[in-house]
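Trainee: Please take me closely through one part of this protein. I want to know what surrounds it and how it fits into the whole.

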Amino acid sequence: MTNLNKLYSFYDVNSSKDQSVLKDLLLNHLPKEYTGKVIKKLSNKDIIVDSQTVRNTKSGIIKNIIVFDAIIDVANEFKAISNHLKQNLQNG
């Protein structure tokens, strides 16, 4: 479970707009298999993490800005895919 208030505090997300964007990304666009995708993204940068670290970072148990940034990147990628699909469905 994601502790959004803790994440807002950890990463200085103060504006309500930024909080809304972060909440949307984490709750609506992060895929079920996000841990593997985050690990792969970080391993491409020679950063080694395990799935527990990724899950603990997302849930707000630990603070790790590098891992959190990768989590947000994965969520943004899936949001873009989702938006592209919606656009194709509307046009088709």
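Mentor: What follows is a close look at helix α4, then at what lies around it. Keep in mind that this is a predicted model.

Start with the setting. The protein has five helices and zero strands. From the N terminus, the order of elements is α-α-α-α-α. Its C-alpha trace spans about 45 × 30 × 20 Å along the principal axes. Of its 92 residues, 34% are buried. Now look at contacts with a sequence separation of 6 or more. Residues 24 or more positions apart account for 62% of them.

Now the helix itself. α4 covers residues 51-59. Take its contact with α3 first. The axes of the two helices lie 9 Å apart, at an angle of about 110 degrees. Angles of 65 to 115 degrees count as roughly perpendicular. α3 and α4 are therefore roughly perpendicular to each other. Which residues make the contact? From α3 come Tyr 34, Thr 35, Val 38 and Ile 39. From α4 come Ser 51, Val 54, Arg 55 and Lys 58. By class, this contact has four nonpolar, two polar and two charged residues.

Next, the contact of α4 with α5. Here the angle is about 85 degrees, and the axes are 9 Å apart. α4 and α5 are therefore roughly perpendicular to each other as well. On the α4 side you find Thr 53, Val 54, Thr 57 and Lys 58. They meet Val 67, Phe 68 and Ile 71 of α5. Four residues of this contact are nonpolar, two are polar and one is charged. Compare the two lists. Val 54 and Lys 58 appear in the contact with α3, and both appear again in the contact with α5.

Zoom in on Thr 57, a residue of α4. Is Thr 57 buried or exposed? Its relative accessible area is 0%. Buried means under 20%, so Thr 57 is buried. What does it touch, leaving aside neighbours within four places in sequence? Its partners are Leu 7, Tyr 11, Ile 62, Asn 64, Val 67, Phe 68 and Ile 71. Three of these names are familiar: Val 67, Phe 68 and Ile 71 are on the α5 side of the helix contact.

Cross to Val 38 on α3. This residue is part of the contact with α4. It touches Val 54, Val 67, Ala 70, Ile 71 and Val 74, not counting residues up to four places away in sequence. Thr 57 also touches Val 67 and Ile 71. So where does Val 38 stand in the largest nonpolar core? That core has 21 residues, and Leu 26 and Val 38 touch the most other members. At least two core residues come from each of α1 (4-10), α2, α3 and α5. The most come from α5, with seven residues. As background, nonpolar side chains in soluble globular proteins tend to be buried together.

α5 also takes part in salt bridges. The structure holds two of them. One joins Lys 79 and Asp 24, with the closest N and O atoms 3.6 Å apart. Lys 79 sits in α5 (residues 65-91), Asp 24 in α2 (residues 16-29), and the two are 55 residues apart. Lys 79 is partly exposed, at 27% relative accessible area. Asp 24 is partly exposed too, at 23%.

The other salt bridge pairs Glu 77 with Lys 41, and its closest N and O atoms are 2.8 Å apart. Glu 77 lies in α5 and Lys 41 in α3 (residues 34-43), so this pair ties together parts that are 36 residues apart in sequence. Glu 77 is partly exposed, with a value of 39%.

Finally, step back along the chain from α4. The loop between α3 and α4 holds Asp 46. Its phi is positive, about 60 degrees, although Asp 46 is not a glycine. Asp 46 is exposed, with a relative accessible area of 71%. Another such residue is Asp 12, whose phi is about 50 degrees, positive although it is not a glycine. Asp 12 is found in the loop between α1 and α2. It is exposed at 60%.

To sum up the helix you asked about: α4 is roughly perpendicular to α3, and roughly perpendicular to α5. Its Thr 57 is buried.

Terms used
Residues are numbered from 1 along each chain as its sequence is written. This is a predicted model: local features need pLDDT of at least 70, side-chain atom pairs count only at pLDDT 80 or more; totals for chains, interfaces and linings use all residues. Side-chain values use heavy atoms; hydrogens and water are left out. A salt bridge is a side-chain nitrogen of Lys or Arg within 4 Å of a carboxyl oxygen of Asp or Glu. Helices (H or I, at least four residues) and strands (E, at least two) are DSSP runs, numbered from the N terminus. Buried means under 20% relative accessible area, exposed over 50%, partly exposed in between (1.4 Å probe, protein chains only). Axes are lines fitted to C-alpha atoms, for helices over the stretch in contact, and angles run from 0 to 180 degrees between N-to-C directions. Angles under 35 degrees count as roughly parallel, over 145 as roughly antiparallel, 65 to 115 as roughly perpendicular and the rest as oblique. Contact means heavy atoms within 4.5 Å. Ala, Val, Leu, Ile, Met, Phe, Trp, Tyr, Cys and Pro count as nonpolar, Asp, Glu, Lys and Arg as charged, and the others, Gly among them, as polar. A nonpolar core is a set of buried Ala, Val, Leu, Ile, Met, Phe, Trp, Tyr and Cys residues joined through side-chain atoms within 4.5 Å.
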